[in-house]
Amino acid sequence: MDQAEIDLWHMRRALELAQAGQGHVEPNPMVGCVVVHGAEIIGEGWHRRFGAAHAEIEALRLAGARAAGASMFVTLEPCCHQGKTPPCCQAVINAGIRRVVIAMRDPYPEVAGHGIEQLAAAGIQVDVGLLEDEGQRLNAPYLKLVNAGQPWTIAKWAMTLDGKIATQTGASQWISGEASRRVVHALRGRVDAVIVGSGTATQDNPLLTARPPGTRTAVRIVLDSRAALSSGSQLVKTARETPVLVAIGEEAPPAERDRLTDAGCELFVCDGASPAARLESLMDELGRRRMTNVLVEGGSGVLGSLLDANGIDEVHVFVAPKLVGGRKAPSPIGGIGLAELTSALTLDDVQVETLDGDTYIRGRVRV
């Protein structure tokens, strides 16, 4: 292999390592790192959990004294500020690394190119941009949180082959099979919040927890403008065990607000006159709380509002080989919708697999 091929091989390994941090490190980015002599990897690491040692520190620890004169491949610009852990740049300099190859710059204001400048000022060769697209794709949720102040939003639904998420009477359990539901529980276990509308909360009476538990415990959020969520619902009855946030409107009666807060629910009053505007207000609040990934499980009204607010980043759809028909049976996405087909959202990185007869389709919305 020539040097360019060796560089690509090392950065791909760093990206592979970084992925292992998903669900553990947020709101920090996923980062992987390898320290090498030529084609030989002498140290590697990844950011394992929020507050733990960064990837560079792990890799340098494994490399030990052999790091002097070595090269480092890292998926994100090393930090140069004191956070929950000491700055990585100084550790890289102290180790005697001669070259650092970085997939992408870190937009976080306290880094934002300063790490690269610090390394270069110490006489280290710094190369930026190797597999940058892959690095940006890996940390798209982190980048959205830093740049837009909102979490990465994953829209999920299960539907029949004729595009229905429930029958005309509202029955929806169960459209998809057990294998599909296991995937949904895995999704819930790595996000910061799971969002449903008041209709879904009433009709399905869901628990919205990950079973078995995942790496994160998602806040369960109900969009309920009048704070009418039943005290007998599974969500309210378990609010003191697993957090429940009810996103309400100004019109919510004080007595209903008191009833829910007395049961252990948290309330957030959304701004805005339209459902899409209120959802936007909620997403801004979740961003302020440093939530990185949220899962929106519908139904049709909530997903429609999300589409109208241009708020869908990623889609996970489970299509069951069933037909139910019915003009009044709901489709997955309601709301105002788009006027022209040319404006339709298009998915990239589409993956399709079969789960015990269901077709599982996932992808990211093209920007």
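**Figure 1. Burial and overall form of the chain.** Of the 367 residues of the chain, 50% count as buried. The model is predicted. About 16800 Å² of the chain is exposed, and carbon and sulfur atoms supply 51% of that area. The secondary structure comprises 12 helices and 14 strands. The radius of gyration is 23 Å, close to the 21 Å that the globule rule gives for 367 residues, so the chain is as compact as a globular protein of that length. Along its principal axes the C-alpha trace spans about 70 × 45 × 40 Å. Among contacts with a separation of 6 or more, 71% join residues 24 or more positions apart. The chain carries 36 positive and 43 negative charges, and the mean positions of the two sets are 5 Å apart.

**Figure 2. Helix α11 and the residue that follows.** Helix α11 covers residues 275-288. At 1.5 Å a residue, its 14 residues should span 20 Å, and the end C-alpha atoms are 20 Å apart, which agrees. The buried residues of α11 are A276, R278, L279, S281, L282, M283, E285, L286 and G287. An α-helix has 3.6 residues a turn, so residues three or four places apart point the same way. After α11 comes R290, with a positive phi near 65°.

**Figure 3. S305 of helix α12 against residues of α11.** S305 belongs to helix α12, which runs over residues 300-308. With a relative accessibility of 10%, S305 counts as buried, because the cut-off for burial is under 20%. Leaving out residues up to four places away in sequence, S305 touches P275, A276 and L279. Of these contacts, A276 and L279 are among the buried residues of α11.

**Figure 4. The loop after helix α12.** N310 is found in the loop between α12 and β12, a strand of residues 314-320. Phi of N310 is positive, about 55°, although N310 is not a glycine. The relative accessibility of N310 is 63%, so N310 counts as exposed.

**Figure 5. T292 and its contacts.** T292 sits in the loop between α11 and β11, the latter covering residues 293-296. Is T292 buried or exposed? At 1% relative accessibility, T292 counts as buried. Apart from neighbours within four places in sequence, T292 is in contact with E26, P27, P141, Y142, L145, P151, W152 and D192. T292 and N28 are 264 residues apart in sequence, yet their C-alpha atoms are 8.7 Å apart in space.

**Figure 6. The cis peptide bond between E26 and P27.** E26 and P27 are joined by a cis peptide bond, with omega about 10°. P27 lies in the loop between α1 (3-19) and β1 (32-37). Both E26 and P27 are among the residues in contact with T292.

**Figure 7. The loop between α8 and β8.** This view holds a cis peptide bond and a residue with positive phi. The cis peptide bond joins R211 and P212, and its omega is about 0°. P212 is placed in the loop between α8 (198-204) and β8 (219-223). N205 is also found in the loop between α8 and β8. Phi of N205 is near 45°, a positive value in a residue other than glycine. N205 has a relative accessibility of 29% and therefore counts as partly exposed.

**Figure 8. V146 of helix α6 beside P107, Y108 and P109.** V146 is part of helix α6, residues 140-148. Which residues does V146 contact, leaving aside its neighbours within four places in sequence? V146 is in contact with P107, Y108 and P109. V146 and P109 are 37 residues apart along the chain, and their C-alpha atoms are separated by 8.6 Å.

**Figure 9. G129 in the loop before helix α5.** G129 lies in the loop between β5 (125-128) and α5 (132-138). A relative accessible area of 30% makes G129 partly exposed. Setting aside its neighbours within four places in sequence, G129 is in contact with I102 and A103. The C-alpha atoms of G129 and G38 are 19 Å apart in space, while the two residues are 91 residues apart in sequence.

Note on methods. Residues numbered from 1 in each chain as written. Predicted model: local features only at pLDDT ≥ 70, side-chain atom pairs only at ≥ 80, totals over all residues. Heavy atoms only, no water. Helix = DSSP H or I, 4+ residues; strand = E, 2+ residues; numbered from the N terminus. Rg over C-alpha atoms; globule rule 2.2 N^0.38 Å. Buried < 20%, exposed > 50% of the residue type's maximum accessible area, 1.4 Å probe, protein only. Contact = heavy atoms within 4.5 Å. Areas by Shrake-Rupley, 256 points an atom, 1.4 Å probe, with all protein chains shown as cover. Lys, Arg positive; Asp, Glu negative; His and termini not counted. Charge placed at Lys NZ, Arg CZ, Asp CG, Glu CD. Expected span 1.5 Å × (residues − 1).
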